[in-house]
Amino acid sequence: MAEYNLNCSLPFEYPQIVETELNRYDKQMLYNLLANKLCSVNEYITQSVILAPEYPHLADIIDCIAVSESKHFKLLGKLLLLSGARWDVHTLAGSCRRLRRTSFTGEPDPGVIINESVERERALVSDTKLVLSQVYNSVMSELLKRILLDDEHHIGILSEISLRYI
């Protein structure tokens, strides 16, 4: 991985998000994925802040992944809104199943943070694959397939940098 040429989103286009009909099950699955993305973004930003003073390069990598996850959040949110569903960010954040609280006390442990991040990305991949096996909407399916590529890429990035810190 090049030190200053990091790209956390693969160079493939995301599908166009258009108005589409989702059944209530698809909407609920999409809502759950959206909640997990929001919590993931929150965790990555928190980890970056904690790491920045002592591990600026690692913090930059974590920031890069957070930007990619933010893009996913926006795309999933747009699809949900264009399907007629409504949500608010407070309810969404409260429904996240995998929220971990990164500690602000003591010295930052990059190994623990990287391991948590790999675990988070694997959970996102697993959840997305499960939804893909159940969804019937082609717009949603195409978007999830594209997001899945990035999340698998994040696992690769994190696994590579773990060799330096673990």
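This passage describes the packing of two helices and the salt bridges in a predicted model.

Helix H1 spans residues 24-51, and helix H2 spans residues 56-82. The two helices pack against each other at an angle of about 160°, and their axes lie 8 Å apart. Angles over 145 degrees count as roughly antiparallel. H1 and H2 are therefore roughly antiparallel to each other. The crossing of H1 and H2 is left-handed. Sorted by class, the residues in the contact of H1 with H2 comprise 19 nonpolar, 6 polar and 4 charged ones.

Salt bridges were examined next. The structure contains 6 of them. One of these joins Lys37 to Asp151, with 2.9 Å between the closest N and O atoms. Lys37 is part of helix H1, whereas Asp151 belongs to helix H5 (residues 138-165), so this pair ties together parts that are 114 residues apart in sequence. Both Lys37 and Asp151 are buried. The pair also belongs to a network of salt bridges, in which Lys37, Glu69 and Asp151 are linked.

Helix H5 also holds salt bridges with both partners inside the helix, including the pair Arg146 and Asp150 and the pair Lys145 and Glu142. The side chains of Arg146 and Asp150 meet at a distance of 2.8 Å, taken from N to O. These two residues, Arg146 and Asp150, are 4 residues apart, which is about one turn of the helix. Arg146 is buried, and Asp150 is buried as well.

In the other pair, the closest N and O atoms of Lys145 and Glu142 are 3.6 Å apart. Lys145 and Glu142 are separated by 3 residues in H5, again about one turn of the helix. The classification of this pair follows from the cut-offs: a residue is buried under 20% relative accessible area, exposed over 50%, and partly exposed in between. Lys145 has a relative accessibility of 42% and so counts as partly exposed. Glu142 has a relative accessible area of 42% and is therefore partly exposed.

Within H5, then, the salt bridge of Arg146 with Asp150 is formed by buried residues, while the salt bridge of Lys145 with Glu142 involves a partly exposed lysine and a partly exposed glutamate. The bridge from Lys37 to Asp151 likewise has buried partners, but these lie in two helices, H1 and H5.

Methods: Residues numbered from 1 in each chain as written. Predicted model: local features only at pLDDT ≥ 70, side-chain atom pairs only at ≥ 80, totals over all residues. Heavy atoms only, no water. Axes fitted to C-alpha atoms, helices over the stretch in contact; angles between N-to-C directions. Parallel < 35°, antiparallel > 145°, perpendicular 65-115°, else oblique. Left-handed = near helix turned anticlockwise from the far one by under 90°. Nonpolar A, V, L, I, M, F, W, Y, C, P; charged D, E, K, R; others polar. Salt bridge = Lys/Arg side-chain N within 4 Å of Asp/Glu carboxyl O. Buried < 20%, exposed > 50% of the residue type's maximum accessible area, 1.4 Å probe, protein only.
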